[in-house]
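Visitor: I'm new to this one, so could you pick a single part and take me through it slowly? I'd like a close look at the largest pocket and what lines it.

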Amino acid sequence: MKKIISVVGARPNFMKVAPLYREFQKYAGHIHHLICHTGQHYDEKMSKIFFEELELPRPDFYLGIGSGTHAGQIAGVMVAFEKVLLEEEPDLVIVVGDVNSTIACSLVASRLGIKVAHVEAGLRSFDRTMPEEVNRILTDAIADYLFVTEESGMTNLIHEGISSDKVFFVGNVMIDSLIHYLPVINRSAILQTLGCDPKDYILVTLHRPANVDTEEGLKDLVGMLIRLSGRKKIVFPVHPRTKNNLEKFDLLKKIPEEIILTSPLGYIDFVCLIENAFLIVTDSGGIQEESTYLRVPCITVRDNTERPVTVSTGTNILIGTDTKKVESAVVEVLGGRIKQGQIPELWDGHAAERICRIIANKLCAGKTPAAEEGV
Ligand code: UD1
């Protein structure tokens with residue numbers, strides 16, 4: 001029996017591990033799949049609700065790291081995860097995405113000679129001021145198996161000298177979750193709860209430090225939202241980082257009632273809001289992909305994206321962080337200039353199937369029934 005530990009830490013990780021967890025059940029008897037939650041995100045609404053909605057079991061290991069400086073967070077995860085690995089001696093550690101838990105756990109596993117698989121490898125924004133970019137580069141440099149979501153990832157890894165026999169273009173596990181839960185998402189009552197109709201609102205999410213950590217930047221964004229709310233209803237689920245800063249800079253009370261502010265939402269309600277939005281304005285990574293799959297126009301308030309297929313093929317428009325430019329791009333879309341998009345290659349709901357089959361073949365040398373049958 002082979003043992004695998006998949007790591008989750010922060011909100012964008014949960015929907016990526018859920019389809020892998022489901023898929024590994026097919027290999028029970030050959031592979032024992034365990035989940036380690038680092039506790040990077042710990043709130044009910046940033047973590048617990050995702051486990052419930054995505055039907056994930058209670059994590060086998062909970063490291064309880066919590067918030068802190070990046071060094072504190074990464075170091076804390078490393079020390080705690082090392083104990084888990086020394087105790088459990090797994091054959092493989094799976095990390096997803098680009099958060100601090102991703103690099104911390106990869107590094108510990110690699111040091112102990114345990115193989116590492118990185119799901120969502122190869123994405124590059126080429127902006128090293130983003131902590132996620134550094135996390136991605138470092139994780140990919142030490143991973144043994146690299147699972148890629150889009151063509152650009154293949155090219156980036158080859159340019160970085162990573163041997164092509166470690167790299168697999170498999171599609172997008174986050175889209176697996178979206179497709180799997182779409183029937184449930186379509187039954188969400190969030191639109192009624194917020195008093196919205198389909199396509200009558202702009203969905204806004206902002207949480208990148210570059211956008212929300214300075215008073216001037218956040219003030220500009222709030223001013224823009226206030227002006228736009230005169231044209232279209234705005235729904236803005238507020239990330240804890242953004243909420244803290246809105247309070248700190250005394251901006252929360254300046255936001256008028258026409259802008260619907262909510263706490264962070266669960267997975268089902270949030271994807272329902274994406275699906276029914278007229279337009280999305282965001283600085284998130286994952287939402288660029290979810291809106292592309294659901295063919296909803298998305299304006300990304302960043303200077304770069306590590307997910308260029310969402311721009312070249314999907315509905316994403318990369319506009320930068322200048323609020324005047326963002327505002328005029330929104331006005332254009334409201335005026336009918338809507339970007340049509342296609343669904344990128346292999347975003348078909350079967351990425352986890354491909355990943356687990358490859359891993360089973362590597363770890364069990366093709367001896368699992370599922371691997372033999374080509375599941
Ligand atoms: C992290 C990820 C980012 C991802 C984002 C999604 C890194 C470097 N960043 O950023 O890539 O897009 O998650 O949310 O890993 N907080 C709470 N409750 C929580 C978690 C956080 O209140 O459950 C507050 C804390 O005040 C904390 C702040 O949010 O200081 C920021 O959290 P942190 O985990 O440091 O980074 P994120 O901005 O969430």
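Guide: Let's start with helix H1 (11–24): H1 gives the largest share of the lining of the largest pocket, 5 residues. Bear in mind that this is a predicted model. The whole lining comes to 50 residues, and those nearest the pocket's centre are Pro-12, His-41, Met-46, His-207 and His-239. H1 has company, too. Other elements that give two or more residues to this lining include helix H2 (44–53), helix H5 (131–142), helix H12 (267–276) and helix H13 (286–294). Sort the lining by class and you get 20 nonpolar, 18 polar and 12 charged residues. As for the room inside, the largest pocket holds about 1,200 Å³ of space.

Now, what goes in there? The space taken by the ligand is this very pocket, the largest one. Around the ligand sit 18 residues, and Gln-40, His-41, Asn-100, Glu-132 and Arg-241 come nearest. So you meet His-41 twice: His-41 is among the residues nearest the pocket's centre, and also among those that come nearest the ligand.

In this shell around the ligand, the classes run to 5 nonpolar, 9 polar and 4 charged residues. Two helices, H3 (70–88) and H11 (240–248), each supply at least two residues of the shell. H11 gives the most, with 3 residues. Both H3 and H11 also give two or more residues to the lining of the largest pocket.

Zoom in on the ligand's oxygen atoms next. A polar side-chain atom of Glu-132 lies 2.6 Å from an oxygen atom of the ligand. For His-207, a polar side-chain atom is 2.9 Å from a ligand oxygen. With Tyr-42, look at the backbone instead: one of its N or O atoms lies 2.9 Å from an oxygen atom of the ligand. On its own, the ligand has 740 Å² of accessible area, and the protein covers 87% of that.

Key:
Residues numbered from 1 in each chain as written. Predicted model: local features only at pLDDT ≥ 70, side-chain atom pairs only at ≥ 80, totals over all residues. Heavy atoms only, no water. Near = heavy atom within 4 Å. Polar contact = N/O pair within 3.5 Å; in protein donor to acceptor, adjacent residues only side chain to side chain. Areas by Shrake-Rupley, 256 points an atom, 1.4 Å probe, with all protein chains shown as cover. 1 Å grid on protein atoms, 1.4 Å probe; cavity = no way out; pocket = protein on both sides within 12 Å on 5 of 7 lines; lining within 4 Å. Sits in = over half its atoms within 2 Å of the grid points. Helix = DSSP H or I, 4+ residues; strand = E, 2+ residues; numbered from the N terminus. Nonpolar A, V, L, I, M, F, W, Y, C, P; charged D, E, K, R; others polar. Points joined across faces, edges and corners; volume = space filled by probe spheres on them.
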